[in-house]
Amino acid sequence: MHVHSYEKIWLALGLGLILLLIGSVTYGAVGPGVSMVAADQPTVDPTALDEDDRFAEPRVEQVGENEYEAYVVAYQFGFEPDPIVIPANSTVTFMVTSRDVTHGFEVVGTNANTMVIPGEVSTLTVETGGPTEYGVICNEYCGAAHHGMEATIEVVP
Ligand code: CUA
């Protein structure tokens, strides 16, 4: 079969586009430093958080050699603990729940982002890079002070 040269150009362009698309799907969502690698959503009783091992005392706990779990409670209008202090170059699973209304948990400048729904535990696992600081914001409208609802993540050596 004979292919005209301009058709070859379109073929090449089409192939290039496909590769670009695959590239953006594979790499596009990964932010600098902290990147989300998994997410899932078990349940919890939002009226009994103080009887829950994880959320009675929101905190960061070491669960493996280089693995940590961060138990975070979102509320009108903040996050607990704040700051959330996690170690550099480790795997951290955030378990985030709400004790009142639906909130968001977005680590600014990364792809770590989840809705936080009362009764559910939003679980997201990230890999941390070197020491730095991130802002956390609520990206679901949750009331009068929604826009001021934020926290800090400190990635420490
Ligand atoms: Cu919490 Cu908006």
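The exercises below, each with a worked solution, concern a predicted model.

**Exercise 1.** Determine where T128 is found, and whether T128 is buried or exposed.

*Solution.* Begin with the chain: T128 is found in the loop that runs between β9 (122-127) and β10 (132-137). Next, take the relative accessible area of T128, which is 8%; since buried means under 20%, T128 counts as buried. Then look for partners beyond four places in sequence, where T128 is in contact with G33, V34, I86, P87, A88, N89, S90, V92 and V155. Finally, consider N89 at atomic detail: its backbone nitrogen lies 2.9 Å from a polar atom of the T128 side chain.

**Exercise 2.** Work out the strand order of the open sheet formed by 5 strands, and identify which strands stand at the edges.

*Solution.* The strands of this open sheet follow the order β5-β11-β10-β7-β8, with mixed pairing. β5 and β8 (113-116) each have a single partner strand, so they stand at the edges, and one side of each is left without a neighbour in the sheet. From one strand to the next, the twist averages 20°. At the β5 edge, the strands β5 and β11 run parallel and are joined by 4 bridges; I86 stands opposite V155 in β11, and both I86 and V155 are among the contacts of T128.

**Exercise 3.** Describe the largest nonpolar core, stating which strand supplies the largest share of this core.

*Solution.* The largest nonpolar core has 26 residues, and those with the most contacts inside it are V72, F79, I84, F94, F105 and I153. Several strands supply at least two residues each, including β3 (67-75), β6 (91-98) and β11 (150-156), and the largest share, 4 residues, comes from β3. Apart from this core lies another, of 7 residues, among them L49, V73, M95 and V121. As for V72, its contacts beyond four places in sequence include F55, F79, I84, F94 and F105.

**Exercise 4.** Classify the ring pairs F55 with Y71 and F94 with F105 by the angle of their planes.

*Solution.* The structure holds 3 aromatic pairs. For F55 and Y71, the ring centres are 6.4 Å apart and the planes are at 80°, so the pair is edge-to-face; both residues are buried. For F94 and F105, the centres are 5.4 Å apart and the planes are at 50°, so this pair is tilted. Because F94 lies in strand β6 and F105 in strand β7, the pair ties together parts that are 11 residues apart in sequence. Both F94 and F105 are buried, and together with F79 they form one aromatic cluster.

Notes: Residues numbered from 1 in each chain as written. Predicted model: local features only at pLDDT ≥ 70, side-chain atom pairs only at ≥ 80, totals over all residues. Heavy atoms only, no water. Buried < 20%, exposed > 50% of the residue type's maximum accessible area, 1.4 Å probe, protein only. Polar contact = N/O pair within 3.5 Å; in protein donor to acceptor, adjacent residues only side chain to side chain. Contact = heavy atoms within 4.5 Å. Core = buried A, V, L, I, M, F, W, Y, C linked by side-chain atoms within 4.5 Å. Pairing = 2+ DSSP bridges. Axes fitted to C-alpha atoms, helices over the stretch in contact; angles between N-to-C directions. Phe/Tyr/Trp six-rings, centres within 6.5 Å; stacked < 30°, edge-to-face > 60°.
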